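Subject: Structure handover

Hello,

Here is the structure for your files. My notes on what turned up in it follow below.

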Amino acid sequence: MTGMEARDAELKKELDATLHARKELGADYESALVDSFLEKVEQRLDGAVDRRVRRQLAEQQMVVARDARSPQGSSDTWGERFGFGIVSLVLAVPLSAIGGGVADLPGLLVAWAGIVGVNVVQAARFSPNLFGRRKAKQDSDWDG
């Protein structure tokens, strides 16, 4: 028997007990018996709603916590971009010398194509809208 079936069985027993008490006590106590039964139903509904709300809040907090820990949200700092640019320029000097010394102009062009490519990828990582890509509009519960 699942949790839902067990609760339904308990509620059915409560209803049967209420109807049995009504038969024994008569119509004079009908209003009090109905109120008592409805109060029990209301308590169960409130408990179920509270559990669902708590579960949804916990799920939302997990989503927020995961987004806060994502590397894209925390690594977009000016210092890191500046540092990457400096390292790129410092490494460009020996790479240019090696490429130009080994294969002359084609080697120099390949070295600089690699340097530019790495910097373009890094720029795209920090600025997703750099090349005209836009984030898709997120659906909202308020949209009809």
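Helix α2, residues 30-69, contributes the most to a positive surface patch, with four residues. Please keep in mind throughout that this is a predicted model. The members of that positive patch are Arg 7, Arg 51, Arg 52, Arg 54 and Arg 55. Of these, Arg 55 is located in helix α2. Its relative accessibility is 48%, so Arg 55 is classed as partly exposed, because the exposed class begins only over 50%.

Overall layout

The chain has four helices and zero strands. Read from the N terminus, the order of elements is α-α-α-α. The chain has 144 residues, and 10% of them count as buried.

Negative patch

There is also a negative patch on the surface, made up of Asp 35, Glu 39, Glu 42, Asp 46 and Asp 50. One of its residues, Asp 46, sits in helix α2. Asp 46 has a relative accessibility of 42% and is therefore partly exposed.

Salt bridges

How many salt bridges does a search of the whole structure find? The search returns three. As general background, side chains of opposite charge can pair when their charged atoms come close.

The pair Arg 44 and Glu 10 is one of them, with 3.5 Å between the closest N and O atoms. Arg 44 belongs to helix α2 and Glu 10 to helix α1 (residues 3-25), so this salt bridge ties together parts that are 34 residues apart in sequence. Arg 44 is partly exposed at a relative accessible area of 32%. Glu 10 is partly exposed as well, its relative accessibility being 42%.

Another salt bridge joins Glu 14 to Lys 40, where the closest N and O atoms are 2.8 Å apart. This pair, too, links distant parts of the chain: Glu 14 is in helix α1 and Lys 40 in helix α2, 26 residues apart. Glu 14 has a relative accessible area of 24%, which means that it counts as partly exposed. For Lys 40 the relative accessible area is 34%, again partly exposed.

Glu 30 and Arg 22 also meet through their side chains in a salt bridge, at 2.8 Å from N to O. Glu 30 is partly exposed, with 33% relative accessibility. Arg 22 has a relative accessible area of 32% and is partly exposed.

Annotated spans

Where does UniProt place the feature "transmembrane region"? The unreviewed entry puts it at residues 82-103 and 109-127. In the model, residues 82-103 are 100% helix and 0% strand, and the C-alpha atoms at the two ends of this span lie 31 Å apart. Residues 109-127 are 95% helix and 0% strand, with 26 Å between the end C-alpha atoms.

Val 93 is part of helix α4. Is Val 93 buried or exposed? Val 93 is exposed, at a relative accessible area of 59%. Its C-alpha atom is separated by 9.9 Å from that of Ala 111, and the two residues are 18 apart along the chain.

Asp 104 is likewise found in helix α4. The phi angle of Asp 104 is near 55°, which is a positive value in a residue other than glycine. Asp 104 is exposed, with 55% relative accessible area.

Nonpolar patch

Which residues form a nonpolar patch on the surface? They are Trp 112, Val 116, Val 120, Leu 130 and Phe 131, and together they have about 460 Å² of accessible area. Phe 131 lies in the segment that comes after α4, the helix of residues 78-126. With a relative accessible area of 52%, Phe 131 is exposed, since the threshold for that class is over 50%.

In short

The points to take away are the positive patch with Arg 55 among its residues, the negative patch that includes Asp 46, the three salt bridges and the nonpolar patch that includes Phe 131. The "transmembrane region" annotation comes from an unreviewed UniProt entry, and the structure itself is a predicted model.

Regards

Terms used
Residues numbered from 1 in each chain as written. Predicted model: local features only at pLDDT ≥ 70, side-chain atom pairs only at ≥ 80, totals over all residues. Heavy atoms only, no water. Patch = residues over 30% accessible without salt bridge, like charges linked within 9 Å, V, L, I, M, F, W, Y side chains within 5 Å. Areas by Shrake-Rupley, 256 points an atom, 1.4 Å probe, with all protein chains shown as cover. Salt bridge = Lys/Arg side-chain N within 4 Å of Asp/Glu carboxyl O. Lys, Arg positive; Asp, Glu negative; His and termini not counted. Charge placed at Lys NZ, Arg CZ, Asp CG, Glu CD. Buried < 20%, exposed > 50% of the residue type's maximum accessible area, 1.4 Å probe, protein only. UniProt positions renumbered as here; feature names shortened; annotations may be inferred.
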